[in-house]
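Dear colleague,

I am passing on the structure we spoke about, and I would be glad if you could keep it open while you read the notes below.

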Amino acid sequence: MSMNLERENAALPESQLTGTRGIHVSKILFGATVISMLVSFYFIFIYAAEEKTMHAAQKIFYFHVSSAWLAFMAFFVTFVFSILFLIKRKRIYDMYAYVSAEIGVVFTIIVLTTGPIWARSAWNTWWVWEPRLITTLILFFIYVAYIMIRQMDGVWDKKARLAAVFGIIGFADVPIVFFAIRWWQTKFHPIVFGNGPSQQGGGMEDSMLVALLLTITAFTILYAYLLYKGVSFEKMRIKVEQYKEKLREKMEQ
Amino acid sequence: MMNYEYMFGAYSVAWVVIFVYMFIIGRRHDKLKKEIEFLKQLDK
C-alpha cells in the first residue's frame with residue numbers, strides 16, 4: 001500500500017494496545033513468562049548444586065548467560081528482519097527489527113552489569129580489558145547507535161534503510177563475541193563448553209545444566225512477550241501518526 | 001565467604017533493568033493512549 005493510500009485509509013486505533021485476540025496472546029505470554037521465571041528460580045536457587053569455590057556468586061552465571069543468549073537472539077532477529085525489510089520494503093519487518101534491537105540493548109546492559117559483579121567475586125576486579133568484554137562493549141555501542149539512528153529526524157523509510165544496513169553489518173560482532181574466548185588468549189573469562197587456546201572447557205554438572213536450560217527458556221519466553229508488546233505498540237503508534245497526518249491535511253483544506 | 005552479596009547484587013541489577021524497561025514501555029503506552037483520546041475529541 002502506498003504512503004498516501006495508507007494515510008487516506010488511516011483510522012484511529014482503540015486506546016487498548018491490541019485487539020481482543022491480541023490481549024489474549026499478551027496475557028498468555030505474560031503468564032508463561034511469570035511461570036517459567038518462577039520455575040527457573042526454583043532450579044537456580046534450590047535444585048542446582050552450589051559451586052565449590054565461588055559459592056552463591058556462581059548463580060549469577062544463570063542470569064548472565066541467559067541475558068547474553070536473549071541479546072544475541074534479539075540481534076539475530078534484527079539481522080533477519082533488516083534483510084527482509086531491504087528486500088520487501090514492508091514496514092512490519094522494520095518494526096520487528098527495531099523492537100528486537102531495543103530489547104537486545106536492554107539485555108546487553110544486564111550482561112554488562114552482571115558480568116562485572118561476577119568478575120569482582122571471581123577475579124577480584126570489576127573490569128578487565130580482555131577480548132570477550134571488549135567485543136561485548138562494542139556490540140552494545142553498535143546497537144545504541146542503531147537506536148540513535150531511529151531517533152533521528154527525517155523520513156521513516158530513509159531511517160529504516162540506514163538502520164537496516166547498520167543492523168546487518170552490526171550483527172557481524174555477535175559471532176565475534178561468542179568465539180572471542182575460543183579464538184584469542186584469555187586468562188579470565190571461563191570457557192564452559194569447548195576449548196580455547198589458553199584453557200579447556202570444564203563442562204557443567206547436570207543439575208546446573210538443567211537450571212541453565214530452564215533459565216534460557218524463561219528468557220526466551222520473556223523475549224517473545226516483550227517483542228509482541230513492542231510490535232503491537234509500534235503498529236498503534238504508526239496508525240496514530242498516519243491519522244494525525246490525515247487530520248492535518250483535512251484542517252489545511 | 002559464601003558470596004551472597006554478589007549474587008543479590010547481580011540479581012537485583014538484572015531485575016531493576018527489566019522493570020525499568022517495562023515501566024518505560026508502560027509510560028509510552030499511557031502517552032499514546034492520551035494522544036488517541038485527544039485526537040478523538042479533536043475529530044468530533
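How many residues of chain A are in contact with chain B, and how many of chain B with chain A? Please bear in mind that this is a predicted model, with an ipTM of 0.90 and a pTM of 0.88. In it, 29 residues of chain A are in contact with 24 residues of chain B. On the side of chain A that touches chain B, the elements giving two or more residues are helix 3, helix 4 and helix 8 (206-252), and helix 4 gives the most, with nine residues. Sorted by class, this side of chain A holds 18 nonpolar, six polar and five charged residues.

Chain B itself is simply described, since it has one helix and zero strands, and its C-alpha trace spans about 70 × 5 × 5 Å along its principal axes. Of the 44 residues in chain B, 14% are buried. As for confidence, the mean pLDDT of chain B is 89, and 95% of its residues reach 70 or more. Where pLDDT is low, the predicted coordinates should not be read in detail.

The pairing of helix 4 of chain A with helix 1 (residues 4-43) of chain B can be followed residue by residue. Their axes come within 9 Å and cross at roughly 170 degrees; because an angle over 145 degrees counts as roughly antiparallel, helix 4 of chain A is roughly antiparallel to helix 1 of chain B. From helix 4 of chain A, the residues that take part are A:Val106, A:Ile109, A:Ile110, A:Thr113, A:Thr114, A:Ile117, A:Trp118, A:Arg120 and A:Ser121, and they meet B:Tyr6, B:Gly9, B:Ala10, B:Val13, B:Ala14, B:Val17 and B:Tyr21 in helix 1 of chain B. By class, this contact between the two helices has eleven nonpolar, four polar and one charged residues.

Within chain A, I also looked at helix 5 (residues 131-151), which has 21 residues and reaches 30 Å from its first C-alpha to its last, close to the 30 Å expected at 1.5 Å a residue. Its buried residues are A:Pro131, A:Arg132, A:Leu133, A:Thr135, A:Thr136, A:Leu139, A:Ile142, A:Tyr143 and A:Tyr146. These buried residues of helix 5 pack against four other parts of chain A, namely helix 3 (60-88), helix 4 (91-123), helix 6 (156-170) and helix 7 (173-183). Helix 4 of chain A thus appears in both settings, packed against by buried residues of helix 5 and meeting helix 1 of chain B.

With best wishes

Terms used:
Residues numbered from 1 in each chain as written. Chains lettered and ligands numbered in written order. Predicted model: local features only at pLDDT ≥ 70, side-chain atom pairs only at ≥ 80, totals over all residues. Expected span 1.5 Å × (residues − 1). Buried ≥ 20, exposed ≤ 12 C-beta atoms within 10 Å, placed from the backbone. Contact = placed C-beta atoms within 7 Å. Axes fitted to C-alpha atoms, helices over the stretch in contact; angles between N-to-C directions. Parallel < 35°, antiparallel > 145°, perpendicular 65-115°, else oblique. Nonpolar A, V, L, I, M, F, W, Y, C, P; charged D, E, K, R; others polar. pLDDT = per-residue confidence, 0-100.
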